[in-house]
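Visitor: Could you walk me through this structure and show me how to read its features? I would like to begin with a ligand site.

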Amino acid sequence: MTSLPNFPLWEKHSKIQAVSTPSRVTLHLGHLPSKKDIKAPWPRTPSRVDPNNPPWPAYRGYHEYSFAHATMGVRLPTILGKAIDDASRTLNEQSAEDKIVDLVECLERMDALMADLSGNAKLRPIVDDGEGDVALWNKEIAKYFQGKDFMNAPWLFAEAYKYRRLHECFSVSKYWHDYDVFYRQKCDTFSRSTDAVFELSMRFAEPFKQSENMSDKEKAESERLMFLELTQVCLWGNSTDLSLLINMTEEQIKSLQSTGGDHLAATEKNILGNHLNQLWETVKVLREKTGGRIDFVLDNAGFELYCDFVYADFLIQTGLAKQIRFHGKRYPWFVSDVTRKDWDWLLNTMVYGHLFPKASEVERESLRRLGARWKQYEKDGRWQYEQHPFWCTGYTFWDLHSEAPDLFLHLSRADLVYFKGDLNHRKLTYDCAAPASVPFDIAIGPMASAAGAPKICSLRTIKSDVVVGLGDNGDAIAERLDKEEPGWKISGKYAVVLLSEGRPGEKVRFA
Ligand code: F6P
Ligand code: MG
């Protein structure tokens, strides 16, 4: 037997190990199953997609890395707190006892909602308040969200649910069912956008006319540039940062008039997924058709709606569209979204209001003229306001064709449908963690692939986590921005203009 040198006991032990253990063990696994080709589980196959299981992982309130966390934990309670302040202010202005008592009950329901939200309660069914969306809400809750709470349900659904519950606080009341806790704020944003409002009204009050001295080619080019710039006005009207218009220099103002150039190029750099040129090609074709119809699924009231109107006016005047349908919300939604009342308010305040006491008479006249022309469009049916109940549900637009087939059929008759803003984009893309390189047509699922799907254009300044349609290089772009500019997804500094192929002309069939 080989004797070990005189090491201490523990060292002797390790030497023994070193001597007797093979340095590397190789197992021969001949009897185990063969290796499988395991695919990443995303995107889910369409048959496994449902509101609790989007094609890519959902954002949920408890995900601290996402904007869902800050929104569900901090922003929504703050918004609700402000809404309570607004209703209390209204209460203090009342004199009739029955209306006061009725409003106090609304306030009590708001307090209960606040307790549910901050206590992360389970999502209960919506009370039957006679709205056209109650069945849709309760079906979705019963099928997919039983036992779920505000923080573990997908963010999109939980956030929409909170606005539905807020509406319920008033909808079951006798006197206050149409009360809008956000109305004061919405009117305010418009009156605070003075400079930008007049920048546009002074330019567009007179009907659009091409100079006689231009050749046909020059006219076509100036119209193209005007279209591209007004599309950007409509796009950036969705940004919380309105400086694009307010801080324009004389040079930039000239470029907005028709020559294009630096200003357009500068703001276009921030459009990370950019189908502006394809959009122009699409819209141009509409003029050749008799009766081109363009729809806008609206987002925010006040200044953004005003920008939408400027754009829609241009589309009508140039014959690019014969008719425009605007889709708004039936009741107050995500603070600033357009309702019928906001629509009426904007048009009437432009014509009759005294909102801008410091403006010159010329400026006020420009606003009156614009308002009068737009009201005329509404009277003669070229502009129409619509408010389908589906727009105020928790469903994403992947379910639009199945949950609101009448609306899908209606949209499928449009030649082009613009979806404005961040929330509409979240709903188009199922608000999930799809890679930024995923093409728009894939990300919007049935809204691109279902028979009869109209061409869709999303005009969205990026204000939340989901980002798609950035092209083959998209993942690298998103990774770089994550490193260099944390918060780039919520700043509203970047945008996308994304256009789908659509499947117009195909028969719509419903199961
Ligand atoms: O609360 C977050 C959110 O839903 C985001 O989608 C976005 O930041 C905002 O509210 C709504 O933005 P928009 O008015 O553009 O839809
Ligand atoms: Mg909005």
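Visitor: What is the distance from an oxygen atom of ligand 1 to an N or O atom in the side chain of Asp299?

Guide: Happy to start there, and please keep in mind that this is a predicted model. To read a polar contact, look for a pair of N or O atoms within 3.5 Å. Here, an N or O atom in the Asp299 side chain is 2.8 Å from an oxygen atom of ligand 1. Arg426 offers a side-chain N or O atom at 2.7 Å from a ligand 1 oxygen, and for Glu159 a polar side-chain atom lies 2.4 Å from an oxygen of ligand 1. The protein buries 91% of the 380 Å² that ligand 1 exposes when taken alone.

Visitor: Which residues around ligand 1 come nearest?

Guide: Out of 14 residues around ligand 1, the nearest are Arg75, Glu159, Asp422, Leu423 and Arg426. By character, the shell has six charged, four polar and four nonpolar residues.

Visitor: Which helix gives the most to the shell around ligand 1?

Guide: That is H18, with four residues. At least two shell residues come from each of helix H2 (67-92), helix H5 (155-171) and helix H18 (421-428).

Visitor: Which residues coordinate the magnesium ion (ligand 2)?

Guide: For a metal site, list the donor atoms, then see where their residues sit in the chain. Asp299 (OD), Asn300 (OD1) and Asp337 (OD) coordinate the magnesium ion, at 2.2 Å. The sequence spacing of these donor residues is D-N-x36-D. Asp299 belongs to the loop between E2 and helix H13 (303-317), while Asp337 belongs to the loop between strand E3 (323-327) and helix H14 (340-352), so the pair ties together parts 38 residues apart in sequence. Asp299 also has the ligand 1 contact we began with.

Visitor: Now the sheet. What is the order of its seven strands?

Guide: In general, strands of a sheet pair through backbone hydrogen bonds, in a parallel or antiparallel sense. In this open sheet the order is E1-E7-E6-E5-E2-E3-E4, and the pairing is mixed. Strand E1 (271-274) and strand E4 (383-386) are at the edges with a single partner strand each, so one side of each has no neighbour in the sheet. On average, neighbouring strands are turned by 15 degrees against each other, direction ignored.

Visitor: Do E2 and E5 pair in the parallel or antiparallel sense, and over how many bridges?

Guide: Strand E2 (residues 293-297) pairs with strand E5 (residues 416-420) in the parallel sense, over four bridges. To follow one of them, start at Val297, whose bridge partner in E5 is Phe419.

Terms used:
Residues are numbered from 1 along each chain as its sequence is written. Chains are lettered from A and ligands numbered from 1 in the order in which they are written. This is a predicted model: local features need pLDDT of at least 70, side-chain atom pairs count only at pLDDT 80 or more; totals for chains, interfaces and linings use all residues. Side-chain values use heavy atoms; hydrogens and water are left out. Two strands pair if DSSP finds at least two bridges between them. Axes are lines fitted to C-alpha atoms, for helices over the stretch in contact, and angles run from 0 to 180 degrees between N-to-C directions. A residue is near a molecule or strand if one of its heavy atoms lies within 4 Å of it. A polar contact is a pair of N or O atoms within 3.5 Å; within protein, one must be able to donate a hydrogen and the other to accept it, and residues adjacent in sequence count only if both atoms are side-chain atoms. Accessible areas come from the Shrake-Rupley method with a 1.4 Å probe; for residues, only the protein chains shown count as cover. Ala, Val, Leu, Ile, Met, Phe, Trp, Tyr, Cys and Pro count as nonpolar, Asp, Glu, Lys and Arg as charged, and the others, Gly among them, as polar. Donors are N, O and S atoms within 2.8 Å of the metal (3.2 Å for Na, K and Ca); water is not among the atoms, so sites may look incomplete.
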